[in-house]
Amino acid sequence: TVDRSGYIKLTENGLFEANKMYERHRIISRLLALLGVDEKTATDDACKIEHVISDESFEAIRRYIENI
């Protein structure tokens, strides 16, 4: 939501989705870096991947990262 001053306040659902995207970004960036991708490219690519990856594939990546 946006107030009269132009400040943005996330709804509960909006905050949930923002946190979800941040977690995806963080984990995908880390995976790409572990694979030898340079930091800038890993970050840029994670920005793209985080929006289109399925929940199933992301969860598999998350489990993999947590176990290495």
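The legends below describe close-up views of a predicted model.

**View 1. The largest nonpolar core of the predicted model.** This core has 9 residues, namely Ile27, Ile28, Leu31, Leu32, Ala42, Ala46, Ile53, Phe58 and Ile65. Helix 1 (12–34), helix 2 (39–49) and helix 3 (55–66) each supply at least two residues of the core, and helix 1 gives the most, with 4 residues. Nonpolar side chains tend to be buried together in soluble globular proteins. Isoleucine 27, one of the core residues, touches Phe58, Ile61, Arg62 and Ile65 when residues up to four places away in sequence are not counted.

**View 2. Helix 1 along its length, and the residue that follows.** Helix 1 has 23 residues, and the distance from its first C-alpha to its last is 33 Å, which is close to the 33 Å expected at 1.5 Å a residue. The buried residues of this helix are Met21, Arg24, His25, Ile27, Ile28, Ser29, Leu31 and Leu32, and what covers them includes helix 2 and helix 3. After helix 1 comes glycine 36, whose phi is positive, near 100°.

**View 3. The surroundings of arginine 24.** Arginine 24 lies in helix 1, and because its relative accessibility is 4%, this arginine counts as buried, the cut-off for buried being under 20% relative accessible area. With its neighbours within four places in sequence left aside, arginine 24 is in contact with Glu50, Ile53, Ser54, Asp55 and Phe58. Of these contacts, Ile53 and Phe58 are also listed among the residues of the largest nonpolar core.

**View 4. The packing of helix 1 against helix 2.** The axes of helix 1 and helix 2 come within 8 Å and cross at roughly 135°, which means that helix 1 is oblique to helix 2. The crossing in which helix 1 passes helix 2 is right-handed. On the side of helix 1, the residues that meet helix 2 are His25, Ile28, Ser29, Leu32 and Ala33, and their partners in helix 2 are Ala42, Thr43, Asp45, Ala46, Cys47 and Ile49. Ile28, Leu32, Ala42 and Ala46, which take part in this interface, are also included in the largest nonpolar core.

**View 5. The packing of helix 1 against helix 3.** Helix 1 and helix 3 pack at an angle of about 55°, with their axes 10 Å apart, and the two helices are therefore oblique to each other. Their crossing is left-handed. Helix 1 contributes Lys20, Glu23, Arg24, Ile27, Ile28, Arg30, Leu31 and Leu34, which meet Asp55, Phe58, Ile61, Arg62, Tyr64 and Ile65 in helix 3. Ile28 thus appears in the list of helix 1 residues that meet helix 3 and in the list of those that meet helix 2.

**View 6. Arginine 30 and leucine 34 in helix 1.** Arginine 30 has its place in helix 1, and because its relative accessibility is 43%, this residue counts as partly exposed. The C-alpha atoms of arginine 30 and alanine 42 are separated by 7.7 Å, although the two residues are 12 residues apart along the chain. Leucine 34 also lies in helix 1, and its C-alpha atom is separated by 9.4 Å from that of isoleucine 65, with the two residues 31 residues apart along the chain. When its neighbours within four places in sequence are left aside, leucine 34 is in contact with Ile65 and Ile68.

**View 7. Two valines outside the helices: valine 2 and valine 37.** Valine 2 lies in the segment before helix 1 and is exposed, with a relative accessible area of 59%. Leaving out neighbours within four places in sequence, valine 2 is in contact with Tyr7 and Ile8. Valine 37 belongs to the loop between helix 1 and helix 2 and is partly exposed, with a relative accessible area of 27%. Under the condition that neighbours within four places in sequence are left aside, valine 37 is in contact with Leu32 and Ala42, two residues that are listed in the largest nonpolar core.

Note on methods
Residues are numbered from 1 along each chain as its sequence is written. This is a predicted model: local features need pLDDT of at least 70, side-chain atom pairs count only at pLDDT 80 or more; totals for chains, interfaces and linings use all residues. Side-chain values use heavy atoms; hydrogens and water are left out. A nonpolar core is a set of buried Ala, Val, Leu, Ile, Met, Phe, Trp, Tyr and Cys residues joined through side-chain atoms within 4.5 Å. Buried means under 20% relative accessible area, exposed over 50%, partly exposed in between (1.4 Å probe, protein chains only). Contact means heavy atoms within 4.5 Å. The expected span of a helix is 1.5 Å times one less than its number of residues. Axes are lines fitted to C-alpha atoms, for helices over the stretch in contact, and angles run from 0 to 180 degrees between N-to-C directions. Angles under 35 degrees count as roughly parallel, over 145 as roughly antiparallel, 65 to 115 as roughly perpendicular and the rest as oblique. A crossing is left-handed if the near helix is turned anticlockwise from the far one by less than a right angle, and right-handed if clockwise.
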